[in-house]
Amino acid sequence: MAIDFTLTTEQRRLQSSVREFARDVLAPLSDQVDQEPDPLRAFQLVKPAYSEACKQGIAFSMLPREYGGGGLSNVDFVIAAEEIQAVDPGFGTTVLVNGLGLMPVWYYGTEEQKKRFIGAATSDQSGEFIVGYAASEPPGTPGGTANFDAPAIGGAGMHVTATRDGDDYVINGRKYWPCNVGGWDNQGADLNLVVVRTDPNSGGTTGLSAIMVERGTPGVSYNSISTSAQRSAPNCEIVFDNARVPASNLIEGTRGNGDLVINRNFAWSGPVAGIGAVAVARSAYEDALRWAKTYTGGGPEPIINYQYPGYVLGDIATKIEAARYFCWKGAHYLDQHGYHGEMLGAMCKVHCTEMLFDCVYKCMQVVGVNSLDTKHRFHRYLREASLLPLYDAGNFGMQRRRVHGVMVDESFNPRAFMDDEAVDFTKGMEGIDTVPGPKTDAPAMAR
Ligand SMILES: Cc1cc2nc3c(=O)[nH]c(=O)nc-3n(C[C@H](O)[C@H](O)[C@H](O)COP(=O)(O)OP(=O)(O)OC[C@H]3O[C@@H](n4cnc5c(N)ncnc54)[C@H](O)[C@@H]3O)c2cc1C
């Protein structure tokens with residue numbers, strides 16, 4: 001019996017223990033965090049929940065047991081992530097980003113680097129250890145993350161440079177948006193995986209690598225960004241001003257392949273972001289259903305008994321179910337194919353996050369004007385729904401581009417996912433649809 005949606009006993013246990021954590025530890029903090037105007041203070045308010053997540057093994061649950069992690073499969077992780085994100089999607093992002101910072105070390109690091117960096121996170125007893133992942137850069141001309149793989153030298157793309165000087169790399173430039181990177185005090189996360197250009201004469205998919213920057217590195221500063229949603233996930237601008245990092249911190253297998261790290265990372269996180277959308281839609285739907293079963297609007301019976309609320313809520317429930325199984329499939333595919341799922345992860349993220357807004361809006365239509373009362377949570381669901389398609393590599397910026405890049409390749413088998421075949425992702429699939437910056441004559445990559 002190959003296709004079976006039954007959760008194992010361990011998965012049920014995981015689901016119920018994370019559900020309990022979300023209900024008992026996270027939920028009591030969540031509204032206060034959402035309403036706190038200062039973004040750093042908002043993040044600090046969530047620290048007791050983070051410490052508990054460390055104690056319960058949630059914070060590094062996605063990392064392999066071999067290096068002290070929780071050893072969850074991708075399917076397990078997605079099951080757990082739904083429970084957290086149904087209560088607080090930003091907290092889910094904070095945990096997710098621990099993985100975005102350390103999974104590439106597991107994929108591409110030397111044995112020594114895996115023990116040093118993953119081991120530091122998983123053996124820490126403080127309940128505060130946090131890891132950032134910095135790929136995104138400020139928008140502007142030239143610059144921006146959207147075009148990070150544009151075939152341009154000195155044009156669009158990544159502008160943070162790491163220049164070799166003796167036994168060190170000297171890092172200069174700015175990143176914008178990365179999560180977790182400032183840590184609990186804007187003095188830096190314990191570890192930050194930073195995508196840099198090690199060859200300033202290169203462009204597009206060449207000359208990018210990932211290097212680990214440790215807390216306390218001189219020449220790095222952090223400024224909080226105040227976001228309209230996911231306020232428990234701390235976004236920052238990072239400024240590197242001649243920051244010196246040991247050359248041994250460059251994750252060996254990423255040398256010249258930072259572009260592939262970005263694509264693999266944002267595909268790994270696809271089903272996790274997707275289940276975040278399922279989770280928010282689930283919460284909005286459950287609130288609207290509860291309302292429809294109790295509110296009569298002055299009529300003879302609760303509005304659930306009428307066609308419009310009944311049919312609309314039925315449609316919403318259908319979308320949620322379908323999206324959840326897509327996330328399970330996406331996660332299962334990553335498990336089956338060595339954590340590669342560059343195309344399917346992107347498809348899953350795009351599809352699920354883009355069904356969310358419609359679900360929340362329809363829930364609000366069912367509830368009616370009372371959904372606008374801030375004592376209900378629909379205003380928050382709406383804000384969360386607007387964020388999910390834009391973060392974790394934007395659906396229009398990076399996720400659709402990856403799908404397009406694979407699809408256009410000669411080797412692409414349109415039945416690959418149905419047949420559970422591996423789909424290789426290569427540099428040749430990158431850069432499609434990009435617009436090079438103004439400093440170059442290189443044409444946009446066209447096929
Ligand atoms: C809560 C949160 C957490 C985040 N965490 C992290 C993190 O941990 N690490 C990190 O590095 N970043 C993080 N980010 C940033 C996130 O990944 C962004 O989605 C990403 O940096 C922006 O890339 P984008 O592809 O969406 O491009 P955008 O800059 O949003 O693109 C803008 C628009 O430009 C156009 N465009 C995009 N690509 C192209 C192209 N190739 N050619 C022509 N036009 C194009 C499209 O119309 C697109 O909609 C986070 C953001 C949020 C909100």
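Student: How do you know that helix 12 gives the most to the shell around the ligand?

Tutor: Helix 12 (helices being DSSP runs of H or I with at least four residues, strands runs of E with at least two, numbered from the N terminus) contributes 4 residues to that shell. The model is predicted, with local features needing pLDDT of at least 70 and side-chain atom pairs pLDDT 80 or more, while totals for chains, interfaces and linings use all residues. Residues are numbered from 1 along each chain, and side-chain values use heavy atoms, without hydrogens and water.

Student: Why is the pair formed by Ser136 and the ligand called a polar contact?

Tutor: A polar contact is a pair of N or O atoms within 3.5 Å, and a polar side-chain atom of Ser136 lies 2.4 Å from an oxygen atom of the ligand, so the pair qualifies. Polar backbone atoms of Ala135, at 2.7 Å, and of Met398, at 3.2 Å, also face ligand oxygen atoms within that limit.

Student: What makes up the shell around the ligand, by residue class?

Tutor: The shell holds 15 nonpolar residues, 8 polar and 3 charged, where Asp, Glu, Lys and Arg count as charged, Ala, Val, Leu, Ile, Met, Phe, Trp, Tyr, Cys and Pro as nonpolar, and the others, Gly among them, as polar.

Definitions and conventions:
A polar contact is a pair of N or O atoms within 3.5 Å; within protein, one must be able to donate a hydrogen and the other to accept it, and residues adjacent in sequence count only if both atoms are side-chain atoms.
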